[in-house]
Amino acid sequence: MAEFGWYSDKVLEHYQNPRNVGEIEDADGVGMVGNPTCGDIMKITIKVQDERIEDVKFKTFGCGAAIATSSMVTELVKGRTIEEALRVTNRDVADALDGLPPIKMHCSLLAEEAIRAAIEDYRTKTNNK
Amino acid sequence: MKRIYMDHNATTPLREQVLEAMSPYLREAFGNASSLHFFGMQARRAVETAREQVAAALGAQPREIVFTGCGTESDNQAIKGIAFRGKGDHIITSQVEHKAVLETCQYLEKQGFRVTYLPVDEYGMVNPDDVAGAITDQTILVSVMFANNEVGTIQPIAEIGQICQERKVYFHTDAVQAVGKLPIDVNELGIDLLSLSAHKFYGPKGVGALYVRQGVKIDPLLHGGHQERGRRAATENVAGIVGLGKALELRLDELEPEAERLTALRDRLYGGIVERIDHVHLNGHPTKRLPGTLDVDFEYIEGEGIIMGLDMAGVAVSSGSACTSAELSPSHVLLAMGVEPALAQGSIRFSLGRGNTDADADYVLETLPPIVERLRAMSMLSP
């Protein structure tokens, strides 16, 4: 396994081989959180079928931890119901990556916020239909 | 894996000859330089030889050199040392200083001092006219770095020194990145206090020095002993001081050819990057810049990702991005230069040194483009 100082092998593996990169063109929900000044922006797009996340993709401007947490959160919610996805916390994301350095915990929070934002966007759109 | 070290502004490897020079003082010549017996005198002679070596490198007198524990201590000692002499309450510095200067000044503000943080131009350069314009009858010190650690821009030190001499204000320069890389003569440049650190020029960590012009009185940071003419109470780090002196002496011998070589290598590396990767920007002055320093912004992506990719390929560099700092804000240097925050996040600093070769630059030019491409494909900011 490649090394990089303070990160777990899991983080490095997701940095090198991120899952679900991209954007769903006709997405049912779009969530974009963060800002360039603090260093990270995450954009998550979801495709929902019968209240289940059929597909999810991410794009991220950010550090290794931001890339790894975005990748991991997409894995954790893919195929799950909306209710299940909403129960995924930043701690779950960090744990699934075998932990994050303390100053990188905000990246896992951003990942949680991004998926929640995408779900909220989906709900707003469906309620308005 | 082959490892290429391109982070010499962070620290440098200890030179073999320096380690050899230090070795006796970690073994049999272990004396306290203040002791009167044989062991003490052995250590004392070694410290004084190093003092002569440092003085020679700066065009100074040996008695004007104070050994310290690091560059940060030298900066703290210079600034607080002048401030606490109580001749006035105004200090002038720049927005692009190292934190060792900036945070010392911020601390002094809390103690009631007033500090002017001078702006810089797009290249990170202070305008000497701004220095002249900021001096008042309450100004006790101007502190402007010799060369910037992130972007490498060399400040107009001679001009600032002349202004300070004319206006009778002390001039301190944090020369931690410049010593051992650029020719320096404290008298020609009108410098009153100068900070340096051994580990930036192939010496050991944990030792630095402060040049204090004869006649300039400083309040010591450390009390409790007569060492360093009462300017730094502490048992001398003899081996470290020997290493500092030796390392600097060796650097002086190779200063010009090495500066020429690294400037060429740096420019070749940048030329190759521009040729292979779009949307890149050079940070720092195009020519008035440290020989080995190359700071580049890669649009649409963030620096730590690039560092990780390069590190996995065996190349060690650094970044001014927020993600590599504890504060989560991008480099204050780049922001002061007017670089957009998002762009500043994508800055990578290559700082070249003695060990780097053309082959190293070629290897970086081979490994970097796919890393940047991969990260850009992942970023929603990419066009």
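**Exercise 1. Domains of chain B**

Determine into which domains chain B of this predicted model is divided, and describe the side of domain 1 that touches domain 2.

*Solution.*
1. Domain 1 of chain B comprises 4-11 + 255-378, and domain 2 comprises 16-250.
2. Between the C-alpha centres of these two domains of chain B the separation is 28 Å.
3. To their contact, domain 1 of chain B contributes 22 residues and domain 2 of chain B contributes 23 residues.
4. On the side of domain 1 that touches domain 2, at least two residues come from each of α8 (238-276), β10 (293-298) and α10 (332-336) of chain B. The largest share, 3 residues, belongs to α10(B).
5. Sorted by class, that side of domain 1 of chain B holds 7 nonpolar, 10 polar and 5 charged residues.

**Exercise 2. Overall form of chain B**

Establish how the radius of gyration of chain B relates to the globule rule for 383 residues.

*Solution.*
1. Chain B contains 12 helices and 13 strands.
2. Its radius of gyration is 21 Å, and the globule rule gives 21 Å for 383 residues; chain B is therefore as compact as a globular protein of that length.
3. The C-alpha trace of chain B spans about 70 × 50 × 35 Å along its principal axes.
4. Of the 383 residues in chain B, 53% count as buried.
5. Considering contacts in chain B between residues at least 6 apart in sequence, 71% join residues at least 24 apart.

**Exercise 3. Helix α3 of chain B**

Check the span of helix α3 (residues 71-83) of chain B against the expected value.

*Solution.*
1. The helix has 13 residues, which at 1.5 Å a residue should span 18 Å.
2. The end C-alpha atoms of α3(B) are 18 Å apart, so the two values agree.
3. As to burial, α3(B) is mostly covered, with 13 of its 13 residues buried.

**Exercise 4. Chain A against chain B**

Identify which elements of chain A supply the side that touches chain B, and locate the buried residues of helix α1 of chain A.

*Solution.*
1. The contact joins 19 residues of chain A to 21 residues of chain B.
2. In chain A, β2 (40-49), β3 (52-61) and α2 (64-77) each provide at least two residues of this side. From β3(A) comes the largest share, 3 residues.
3. By class, the side of chain A that touches chain B has 12 nonpolar, 5 polar and 2 charged residues.
4. In helix α1 (residues 9-16) of chain A, the buried residues are A:Val11, A:Leu12, A:His14 and A:Tyr15.
5. Viewed down the axis of α1(A), these buried residues fall within an arc of 165°, so they line one face of the helix.
6. Their cover includes α2 of chain A and α9 (303-312) of chain B.

Terms used. Residues are numbered from 1 along each chain as its sequence is written. Chains are lettered from A and ligands numbered from 1 in the order in which they are written. This is a predicted model: local features need pLDDT of at least 70, side-chain atom pairs count only at pLDDT 80 or more; totals for chains, interfaces and linings use all residues. Two residues are in contact if their C-beta atoms, placed from the backbone, lie within 7 Å. Helices (H or I, at least four residues) and strands (E, at least two) are DSSP runs, numbered from the N terminus. Ala, Val, Leu, Ile, Met, Phe, Trp, Tyr, Cys and Pro count as nonpolar, Asp, Glu, Lys and Arg as charged, and the others, Gly among them, as polar. Domain bounds come from an automatic or database domain assignment. A residue is buried if 20 or more other C-beta atoms lie within 10 Å of its own, exposed if 12 or fewer, and partly exposed in between; C-beta atoms are placed from the backbone. The arc is that of the directions from the helix axis to the C-beta atoms. The expected span of a helix is 1.5 Å times one less than its number of residues. The radius of gyration is taken over C-alpha atoms; the globule rule is 2.2 Å times the number of residues to the power 0.38.
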